[in-house]
Amino acid sequence: MDAIKVNHLTKTFGGIKAVDGLSIAIPLGAATGIIGPNGSGKTTLMNLFTGILVPDCGEIIIGGKSFARIEPTTLRALKIARTFQDGRLVGQMSATDNLLLAIAKTGIIGGLKEIGGAKYARRVDSVLKKIHLSEYRNAPAESLSYGQRKLLELGRAMIQDADIYLLDEPFTGLFPAVVEQVAGLLSELRARGKTIVIIEHNIELVRRLCDNIIVMDHGQLLAAGRPAAVLKNKKVQEAYLGV
């Protein structure tokens, strides 16, 4: 069974097809890496999955339901959580409150009232411990180091207890020790049967963490399958690995 499937998905910007008639399937309960050269359409695809962008045409199937477009407001019901390359933290708010906003049920304005209670205290404590930020629970997000902010961004996804995690370059710019922390968290999610989709440029990390790889080039599917086979594909080596 597939967690996400797309058929003939297309998104054009000013005549340039960022995603060009793409048809792929992302297996349920596995880790899938999406790789490809810069500009190959990886983040655009993730934005289509999460309703930030609207497809020109094509179909997205999630949990067996077909969508011509995804509404951002339906992500929680679809049990999808997502991280961003540049982070979407509220800098002036504490690490704790940034986590709570991710699960507040009344939107950001109502959520500011909701996070004042103790309803989610145990859940927050558990996530802060996992992302190694317990001692920074009251620190403003803007005061954290780059690596800590990346961990907090991942924590915002984790606290939602989603079924599908879409992670856009979660390792970029991290020191090796933090890379291992993030890798450990993703391995834990994978062991729990969660579906993980990772956009990543570090091939060794993709090889290590992912059950499957999808390679994109100019918005199209170049190759898909198990890491060992895909990374030996001559077209992949020429287009992406420079071999």
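Okay, one definition before we start: two strands count as paired if DSSP finds at least two bridges between them. Keep that in your pocket, and keep in mind that this is a predicted model.

So, with pairing settled, let's look at the four-stranded sheet. It's an open sheet in the order β2-β1-β4-β5, and the pairing is antiparallel. Which strands stand at the edges? Those are β2, residues 16-27, and β5, residues 65-67; each has a single partner strand, so one side of each is left without a neighbour in the sheet. If you ignore direction, neighbouring strands here are turned by 20 degrees against each other on average.

Let's zoom in on one pair. Strand β1, residues 2-13, and strand β4, residues 57-62, are joined in the antiparallel sense over 5 bridges. You can find Val 6 standing opposite Ile 60 in β4.

Now scroll over to the other sheet. This one is also described as open, with 6 strands in the order β6-β7-β8-β3-β9-β10, and here the pairing is mixed. The edge strands are β6, 80-83, and β10, 220-225, each pairing on one side only. From one strand to the next, the twist averages 15 degrees.

Helix α1, residues 42-49, packs on this sheet and touches β3, β6, β7, β8 and β9; its direction makes about 145 degrees with that of β7. Then there's helix α7, residues 176-191, lying across β3, β7 and β8 and running at about 145 degrees to β8. At the edge, β6 and β7 run parallel, with 4 bridges joining them. One you can look for is Arg 82, whose bridge partner in β7 is Leu 166.

Let's stop at one residue in the middle of all this, Val 197, in strand β8. Is Val 197 buried or exposed? Its relative accessibility is 0%, so Val 197 counts as buried. Leaving out residues up to four places away in sequence, Val 197 touches Ile 26, Thr 32, Ile 34, Met 46, Tyr 165, Leu 166 and Leu 167. And here's a nice bit of folding: Val 197 and Ala 31 are 166 residues apart along the chain, yet their C-alpha atoms are separated by 5.9 Å.

Next up, the nonpolar cores. The largest has 49 residues, and those touching the most other members are Ile 35, Ile 131, Leu 152, Phe 171, Val 182 and Leu 186. Helix α7 gives the most to this core, with 7 residues. Take Leu 152 as an example: beyond its neighbours within four places in sequence, its contacts include Leu 89, Leu 99, Ile 131 and Leu 144. Apart from that core lies another, of 27 residues, with Val 6, Ile 26, Leu 53 and Ile 214 among them.

Now a helix with two faces. In helix α5, residues 121-130, the buried residues are Val 124, Val 127 and Leu 128. Why do they end up on the same side of α5? Because they cover an arc of only 100 degrees around the axis. The general idea is that an α-helix has 3.6 residues a turn, so residues three or four places apart point the same way. What do the buried residues of α5 pack against? They pack against α3, 95-103, and α6, 146-158. On the other side of α5, Arg 122 and Lys 129 are exposed.

Keep following the chain past α5 and you hit His 132, in the loop between α5 and α6. Its phi is near 60 degrees, a positive value in a residue other than glycine. His 132 counts as partly exposed, at 44% relative accessibility. Glu 169 also has a positive phi, about 55 degrees, although it is not a glycine. You'll find Glu 169 in the loop between β7 and α7, and it is buried, with a relative accessible area of 11%.

Last stop: Asp 211, in the loop between α8, 203-209, and β9. Asp 211 has a relative accessible area of 17% and is buried, because the cut-off for that is under 20%. Which side chain does Asp 211 join in a polar contact? That would be Arg 190, at 2.5 Å. Setting aside residues up to four places away in sequence, Asp 211 also touches Ala 30, Ala 31, Arg 226 and Pro 227, besides Arg 190.

That's my tour, so over to you for questions.

Notes:
Residues numbered from 1 in each chain as written. Predicted model: local features only at pLDDT ≥ 70, side-chain atom pairs only at ≥ 80, totals over all residues. Heavy atoms only, no water. Helix = DSSP H or I, 4+ residues; strand = E, 2+ residues; numbered from the N terminus. Axes fitted to C-alpha atoms, helices over the stretch in contact; angles between N-to-C directions. Contact = heavy atoms within 4.5 Å. Core = buried A, V, L, I, M, F, W, Y, C linked by side-chain atoms within 4.5 Å. Buried < 20%, exposed > 50% of the residue type's maximum accessible area, 1.4 Å probe, protein only. Polar contact = N/O pair within 3.5 Å; in protein donor to acceptor, adjacent residues only side chain to side chain. Arc of directions from axis to C-beta.
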